[in-house]
Amino acid sequence: MIGDERLPAEDQGVPVLPSPAEVSANLARLADTVARLRGEVDHAHAVADGRGLIELAKGVLMERLHCTPSDAAKQLESLAERSGMTPLEFAADVVGEAAEDRITEVTQEFLARAEGEESVAVRLRTAESGVLAAGDTQRVAESILEHALRPLGATAVAVWLAGPDGSLTLAGSAGFSAEEAARWCYVPPGVATPARSALLERDTVWFPTLAGGGLPSIGQHTLSGGGRVTVPTGTGGRIIGVVEMCWPEPLPPEPGRQRRQLEALAELCAHTLDTWDGVVAPVAAGGSGDFLGELVDFIDGLHDPAVLLSPCVDGGNRLSDFRIHHANVRFADPGGRPRSRIVGTRLLEAYPLAAEESGLLDKIQRVYATGEPFRADSMAITTLVDQVPLTVLTDVSVTRFAGNVLLILRIQDDAAKLAVLLQHAQRLGRIGGFEENVVTGVITWNTELFSLYGLPPNATPLSLHELATHAHPDDAQAIGRFLRAVLHHKRPSSTAFRLQRSDGVARHIRVVAEPVVDARGELVAVRGAYQDVSSQHWTEVALAATRDRLAETEQEAIERNRLALQLQHAIMPPAKGPIDMPGLRAAVRYRPAEKEHLVGGDWYDAVALPTGEVLLCVGDVAGHGIDAATGMVSLRNALRGLAATGAGPAQLLTWLNLVAYHLTDHVTATAVAAVYDPAHRKLRWARAGHLPPIVRHRDGTATTLPLIRGSLLGAVRDVTYEEDELQLAEGDILLIYTDGLIERRDRPVQDSVSRLVTLVDGHDGGLEHQLDTLLTYSTADTDDDTCVVGIEVLTVSEPARTRE
């Protein structure tokens, strides 16, 4: 019936649901779209990584060919076409040649062994480009799997961050489901996994099948029949993490040619693990100096003896040794050396036997690599002390701190410490102990005694009865008396003898022994010690020879001083009173040095010349002793002879300088030469490096003569001396002196001269009293001899008389 016919649902306003077949088709189209978009994204990532590699190659060509970016792109395409390679492969070769890094090395080795394989350089360089562009470890894992591991047949990769306690944190993964990655986000310390095996071995571990290894790990159910490779990664010997690579099929039993390629891939993960998830990794060796200083302060505050070790990395970024960066005050070196001798040295240099025999270096390297602390009780530490091995038992604790290692070495107990101190005392004193059982014949020597005898430690000890056979024949009687006292009279005794060793070395030895008797008074054993006193003996011999030489030297010095004094007094005897000459009266004061060995070369002279004039001179030869005295005699006599020519003072000093320069043995001197004309009371004078004279006028005022030009005698060959003229009046006093009168160590010479002028200016006595006053109030402190000559002007007809 037409009226009963039902209308379609959409005509009746009711929504129509799609059929199950239509729903399935829509989901399939959506899945295809998602897969296509994911593929496009992956392709875009791959293209971007490849483009980055090509841009690097273009930059290399621009630097080497000095061309523009467009020319570099054309050159890259042209060279790739001519070599029959794709631009990406050619770019990888260009970057590899320019880098010369580990990836280049791995690529060349791999290509040499694997002909016809897909370009390893492209895979590694593309993976590296992706790693450098990645901002996190997750992207690094995806890039490594996509560009390098999938071509090798791998289907998954996990990057683990190693904690300082031995734990593992999943920092990035690819090829695993999100649920699987969430379940394995953290592995507590102590749980055995393939990644932990690489951490403990500190080397690549190859698992042909995961089932064969018997270790649980991420993806163990879905990839249970496949193989795995775990590679530790880090820098400078410090392991930051582990890269775990998974294959769906079993791997060959041996790593083969792929091992180094996988290790190179693992190294690419280190730089993101170092700053994973915003957490900065521990400071490596050579890092923040402020933090290292805080760590040193922390170690100094510990009550345990502690040492801070810094890693030593060679040119290949491999850990080679540790350097002792710091040791706190409580640290006691097992070898007894001061801290200054071990701080700054390498561990293998300070403790070579300890690192080899006890495995201490391996333990430290493991702690530094993995971060897991190590502790052991009663570990035997052996060190060399003056080429002699010394072993002590110590409690050891090793912990990693901020890229460095804290090592605690604690000697176990006081008895062990005392034993160590005793060994050091015996070594430093070169004392060797012994005990000889006269009943059983057993002889016991310590290590130092074998060294004294020049015997190896495994040699047979010598009996006391064999002592004379190893000594100098002249010491046989002394050794016989020593043995009778100990073995027969049972009294403690000692003796010294010359030991003649088998290696030809002779040593001076002192032996001390005491008998050991039982309850019945019978001799049971003899114990004692040998001491090497060679250094003391030769020191005594040297001291005796030195005393003899000193006595001879003192006698020679006394004789030389006596001769110098005799020569000085013979040539220039002390004046007992004033010297009267035409038109003037002269007085002299000479004060020798307080110490006899400082006999100096001060000299003076006053000579009446044939012309009626008077030659006045004062000089000071440099130095002391007989050389200065003989130099003084030479210059004084030479000036007397030259003055007979009638030359003026400047010319006389010029000739005297030539005499000092040529005819004396490197003598230098200062001098003042003056020629006085009594008739006109005129004084012509010149100086050779000497202090200028002082004039006290009859009105009581005192002045210093000008400092005219003139260098000291004997210094240079050709010298020109300046001459000055002074008009004197009756009653004027001229004072010529040497520097011994005024020279002081604590003030300038000019200040001393000014003080002397003041002293002369304030004196109103006669000539003799004037000179005595100058010597009395002299403040010189150089302990040099002193000469002062005073000349008082008189009238020519005035009779000689003493005026005070």
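This passage describes a six-stranded sheet, the helices packed on it, and an aromatic cluster in a predicted model. Local features need pLDDT of at least 70 and side-chain atom pairs count only at pLDDT 80 or more, whereas totals for chains, interfaces and linings use all residues. Residues are numbered from 1 along each chain as its sequence is written, and side-chain values use heavy atoms, leaving out hydrogens and water.

The sheet is open, with strand order β17-β18-β27-β26-β23-β24 and antiparallel pairing. Strands (E, at least two residues) and helices (H or I, at least four) are DSSP runs numbered from the N terminus; two strands pair if DSSP finds at least two bridges between them. β17 (579-581) and β24 (702-704) form the edges. The twist averages 20 degrees from one strand to the next. Axes are lines fitted to C-alpha atoms, for helices over the stretch in contact, with angles from 0 to 180 degrees between N-to-C directions. Three bridges join β23 (694-696) to β24. Val695 has Thr703 of β24 as its bridge partner.

Helix α23 (749-761) lies across β23, β24 and β26, at about 155 degrees to β24. Helix α24 (767-776) touches β18, β23, β26 and β27 (contact: heavy atoms within 4.5 Å). Its direction makes about 25 degrees with that of β18.

Phe434, Trp445, Phe450, Tyr453 and Tyr530 form one aromatic cluster. Rings of Phe, Tyr and Trp (its six-membered ring) pair if their centres lie within 6.5 Å; planes under 30 degrees apart are stacked, over 60 edge-to-face, the rest tilted. Trp445 and Tyr453 form a tilted pair, 5.0 Å centre to centre with 35 degrees between planes. Tyr453 and Tyr530 pair edge-to-face at 5.7 Å and 80 degrees. Tyr453 lies in α18 and Tyr530 in β16, 77 residues apart. Tyr530 is buried (under 20% relative accessible area, 1.4 Å probe, protein chains only; exposed is over 50%, partly exposed in between), at 3%.
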